[in-house]
Amino acid sequence: MLHLNSSSFSSLSSVSSSLALTANAFTKSGSTFRGWATSANGNVVYTDQQEFNYLLTADLELHAIWSPIAYKVAYDGNMATGGEMEGHDEIFYDAPFTLKKNLYVRTGYTFKEWNRNADGTGESFADEQEGVVNLTSTAGETVVLYVIWNENTYTLQYNSNYTSVCEKVDVLSD
């Protein structure tokens, strides 16, 4: 909120002169400044640094109006042996969305989760997780989510074919 009164403009000869708004110095994470309104939920009336004529008979209170930034989400198979996925082209900051179902496959592996880092050290997400929000606060950025894989294990069973005793050995898929 910007609060203007006659003392805000000491260089003016009168309070009904042309005024130039000072540059907006406020920031809001995940948002772009659109302009100034005369009420908290109002429409933009003044742009940043706009010059205007105003007869200042009372204090003028201007409210910053913000728009959420948009960003993209891409999905990476992270060594997948098959499958393709399209990402999300426009996600808005503060607007929850649902991750897509994994369509990648990898021979010898099972899907574990989505992760912000290919090595699994970042923030993790479940397949088709709902309520995902604010993956970035940078407008236009593409956030990549990587498949994290669990290696499959199999049991190899040796049977002597003449006694009821069997030997089992756990074997990794590679």
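Here are some short exercises on the structure above, each with a worked solution.

The model is predicted: local features need pLDDT of at least 70, side-chain atom pairs count only at pLDDT 80 or more, and totals for chains, interfaces and linings use all residues. Residues are numbered from 1 along each chain as its sequence is written, and side-chain values use heavy atoms, with hydrogens and water left out.

**Exercise 1. Take stock of the chain.**

Let's begin with the elements. The protein chain has 12 strands and 0 helices, where strands (E, at least two residues) and helices (H or I, at least four) are DSSP runs numbered from the N terminus.

Next comes burial: 30% of the 174 residues count as buried, meaning under 20% relative accessible area, with exposed over 50% and partly exposed in between (1.4 Å probe, protein chains only).

Finally, look at contacts, defined as heavy atoms within 4.5 Å. Among those with a separation of 6 or more, 64% join residues 24 or more positions apart.

**Exercise 2. Work out how the open sheet is ordered.**

Start with the order: 5 strands run β7-β6-β10-β8-β9, with mixed pairing. Two strands pair if DSSP finds at least two bridges between them.

Now find the edges. These are β7 (88–92) and β9, each pairing on one side only.

Then zoom in on one pairing. Strand β6 (residues 70–76) runs antiparallel to β7 and is joined to it by 3 bridges; V73 stands opposite H88 in β7.

**Exercise 3. Describe the surroundings of Q129.**

Place the residue: Q129 lies in the loop between β9 (124–125) and β10 (142–151).

Check its accessibility. Q129 counts as partly exposed because its relative accessibility is 27%.

List its partners. Neighbours within four places in sequence aside, Q129 is in contact with F97, T98, L99 and S124. The C-alpha atoms of Q129 and K101, 28 residues apart along the chain, are separated by 8.7 Å.

**Exercise 4. Characterise the aromatic pair F26 and W36.**

Count first: the whole structure holds 5 aromatic pairs. Rings of Phe, Tyr and Trp (its six-membered ring) pair if their centres lie within 6.5 Å; planes under 30 degrees apart count as stacked, over 60 as edge-to-face and the rest as tilted.

Apply this to F26 and W36. Their pair is edge-to-face, at 6.2 Å centre to centre with 70° between the planes. F26 sits in the loop between β2 (18–20) and β3 (31–37), and W36 in strand β3, 10 residues apart.

Compare their burial. F26 is partly exposed at 38% relative accessible area, while W36 is buried at 1%.

To finish, widen the view: F26, F33, W36 and W66 form one aromatic cluster.
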